[in-house]
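This report walks a newcomer through a few local features of one protein model. Please keep the sequence and the 3D view open while reading.

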Amino acid sequence: MPLLQRTDGPFPVPSELPVVPLRDLVFFPYMVLPLLIGREGSLAALNEAEQGEGLLLLLAQRDAATDDPTPEELYRLGTVVRLLQITRLPEGVARVVFEGLGRAAADTLARQGASLRAQVRVPEGGERESPEGVDPETEALARTVRKLFEDYVERNPRLPRELASTLVGVQDRVRMAHLVSGHLLLNVPEKQELLEAPSLHRHLELLREILARELEILRIEAKLDEEIQQQMDSDRRQFYLQEQLKAIHRELGAVETEWDELEKSVASTPLPPRVRERAEREMARLRRLNPVAPEAAVIRTYLDWILGLPWMARSQDNLDVGHAARILDEAHYGLEEVKARILEHIAVLSLVGNLQGPILCLVGPPGVGKTSLGRSIAKALGRDFIRASLGGVRDEAEIRGHRRTYVGALPGRILQGMRRSGTRNPVFLLDEVDKLARDFHGDPGAALLEVLDPEQNRTFVDHYLELEFDLSDVFFLATANTLAGIPEPLRDRMEVLRIPGYLPTEKKGIARRFLWPKEAGRHGLDPSAVRLAEESLDLLVSRYTREAGVRELERSLGSVARKLARSLAEGKWSPASGEVVEPATIRHLLGPPPFGEEARGGEPTRVGIANGLAWTAAGGQILDVEVAVVPGSGNLRLTGALGEVMKESAWAALTYARSRARSLGLPPHFHQDVDIHIHIPEGATPKDGPSAGITMAVALVSALTSIPTRPEVAMTGEITLRGRVLGVGGIREKAVAAFQGGIREMLLPAASVAELERLPPEVRDGMLFVPVRTMDEVLERALSRPPALGGLEAGEAPGRGGVDLGSPVVP
């Protein structure tokens, strides 16, 4: 068996190997290279090698154009390779990674089936390096070849620069010679001559000659390229300058025409005298400037903005109050107070012709129709509607614009909206004014003061235009979820119209009149043919949504319509005329309701639990307060993400209970032997405000005296140390939330009774409202029996699982 003499030791190979002919390639030992094999004979040889020991003999073709070479058309000295990886590709092609093992000669070549096979013989001299070492001349040749190859790689653009670094770690001269030979860009005969070199010395001599020749050729090519590039640069520069000169001459004619048209627009556009004077002055400057100068583009944009703003254009108002009332009623359900205020504004406008009144600010939870109400006002008046969202705006320049000294400067959102409207009297909605931000860029809320002040907005000056623009004819509206985020000076310039959350009956009416026809039509259903049963609307409102507005209700109706449309498209459902969607169908389409039935009073005991009422940006909310009394040493623990004001209310409630211990049937020093824990559920939600003061006090007294609270009673009010009940806000939203939650009696401060007149009739007639001035009145209504009559018996502990406080003291 022949032995290949490698640098890492002899390697035995079979005496007969399958042959793969190579086109335009000579494979050298020690190389690792992927090749594409696609010819039938080559694939057959590959399969034989794969089934055998994984070895092949690669021989170069004398003529690369020959598709099926005969033995006479192949060189007889080649390289034995080992298969490292085979990847089968489409159309019968294989990608094979070969590793060159060593040189071998084919003594005989014969075709066996579709492939060629060769009798292999290792050339005498092996890999040609003497066991005794390398003589100094050969060592000098090796160093010269290494240096020439590094220069060759550096100068040849077709080779990667990293190639030279691969030889740094190669110390064996035989391996180095083969690697250099394999990476030279030579023709097949020259590479074959390198492969057939009889000795290492001769191999290195050939490499030195070839590298010296190739480097000289590369130097000549580089010199010729430099001369050609210099000539081309000169010619190209001259050509470019000539073309640019021609373009400037052509552009001058076009620019003159454009400037003439712009000047005509300035002359024909209705402008106030000062604005016209400024526009003509800027036009004269533009005429004197080079058309390609940067300042010319700035002036051109500035003139476009002046000409695009509605300085004099007005739309004709429709001041018919009856028409406006019909528009508002058709588009909005309920909201009587807001509609009445808007109709009053339109009525006065129809009488005086020009009303410089306050700015209306619609405040209410999300989804109650604030933005759509502004759109309906514009439709009723016959004006254009412009909306500018101010949520997250933190830069004063967003309102007043940027000065023209900045690159890319533009007017602020106010004048941008006026340009979009095309008239000087649109309905302009400033959305989300409570979400303005402020930082080192300035305060946009302060910039709005000039916009919304009727005494100042007739001379509003944008930083970009630096001209007075009259905003006095604009009908400004603002929307907000809460007044807390609006700066006080800005709030002072607006008239606040509160929009409370919708009642269940109002939500059902909105769903029946507006939402279901809209969603059914959007999803390809006939609203008149597919209707929702009254019970289905009750189910959607009470069990599938829990919100002040109707956005989630609209999404639920859209989901119902979407699922019905799918059933209709798949042929699983065919609506009959007057089809009614029952509650069972709603449950089947939407799944289990996410909200359960309100079950207040179903607890095993109501001791230490009281129903409070809170106001949030999303409307009113019922807030349970729980108190537990356990043996301890007088500690008070507050949990539930309570804010500072609510914590102070808890301390005030405890102090009140201690000051009234005798009248409540408690020992004077009861607090020294117990720990009190006050908790408000939904601890992940931050809570703050004074409204829960009397609720904490009621829950605390209930826990201390073991007297249950009445589940149908909810309350709101601030408590003082002397037991007085002070007024709080948000009565309207809290009453609506209580009504929706099944509460039928509400305790509220006597100072807040006036707000009851603003409640919807359904809430006002469906609940009992009890004004209270002191905590004694609150306890009388909130507890199931009076504390003085139902206090602790002798030896009984306060609260469930409490500690023995001794005999109660009855006043």
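Which residue in β15 does Leu 360 stand opposite? The residue that Leu 360 faces in β15 is Glu 495. Before going further, it should be said that this is a predicted model, and the description below is to be read with that in mind.

**The open sheet**

The strand β9, which covers residues 359–363, pairs with β15 in the parallel sense, and five bridges join the two. Both strands belong to an open sheet of five strands, whose order is β10-β11-β14-β9-β15 and whose pairing is parallel. At the edges of this sheet lie β10 (385–389) and β15 (494–498), each of which pairs on one side only. If direction is ignored, neighbouring strands of the sheet are turned against each other by 25 degrees on average.

**Two residues with positive phi**

Most residues other than glycine have a negative phi. Against that background, two residues of this model deserve a look. Glu 432 is not a glycine, and yet its phi is positive, at about 60 degrees; Ser 706, likewise not a glycine, has a positive phi of about 60 degrees. The table sets out where each of them lies and how far it is covered.

| Residue | Place | Relative accessibility | Class |
|---|---|---|---|
| Glu 432 | loop between β11 (427–431) and α13 (444–452) | 23% | partly exposed |
| Ser 706 | loop between α20 and β22 (713–715) | 18% | buried |

Why does Ser 706 count as buried? Buried means under 20% relative accessible area, and Ser 706 counts as buried because its relative accessibility is 18%. Glu 432, by contrast, has a relative accessibility of 23% and therefore counts as partly exposed.

**The helix before Ser 706**

Ser 706 follows helix α20, which runs over residues 693–705 and has 13 residues. From its first C-alpha to its last, α20 reaches 18 Å, which is close to the 18 Å expected at 1.5 Å a residue. The helix is mostly covered, with 13 of its 13 residues buried.

**Aromatic rings and charged ends**

A search of the whole structure finds five aromatic pairs. One of them is formed by Phe 27 and Phe 98 in an edge-to-face arrangement, with 6.4 Å from centre to centre and 85 degrees between the planes. This pair links distant parts of the chain, since Phe 27 lies in the loop between β3 (16–22) and β4 (32–37), while Phe 98 belongs to strand β7 (residues 93–112), 71 residues apart. Phe 27 is buried, with a relative accessible area of 3%, and Phe 98 is buried as well, with a relative accessible area of 1%.

Rings also take part in another kind of arrangement, in which a charged end sits over the ring. The charged end of Arg 62 is placed in this way over the ring of Tyr 75, 4.3 Å from its centre, and the charged end of Arg 419 sits over the ring of Trp 305, 4.3 Å from the centre of that ring.

**The surroundings of Thr 66**

Where is Thr 66 placed, and which residues does Thr 66 touch? Thr 66 is found in the loop between β5 (55–60) and β6 (77–89). When residues up to four places away in sequence are not counted, Thr 66 touches Arg 23, Arg 39, Gln 61 and Glu 73. Although Thr 66 is in a loop, Thr 66 is buried, with a relative accessible area of 15%.

Definitions and conventions:
Residues numbered from 1 in each chain as written. Predicted model: local features only at pLDDT ≥ 70, side-chain atom pairs only at ≥ 80, totals over all residues. Heavy atoms only, no water. Helix = DSSP H or I, 4+ residues; strand = E, 2+ residues; numbered from the N terminus. Expected span 1.5 Å × (residues − 1). Buried < 20%, exposed > 50% of the residue type's maximum accessible area, 1.4 Å probe, protein only. Phe/Tyr/Trp six-rings, centres within 6.5 Å; stacked < 30°, edge-to-face > 60°. Lys NZ or Arg CZ within 6 Å of the ring centre and 35° of its normal. Pairing = 2+ DSSP bridges. Axes fitted to C-alpha atoms, helices over the stretch in contact; angles between N-to-C directions. Contact = heavy atoms within 4.5 Å.
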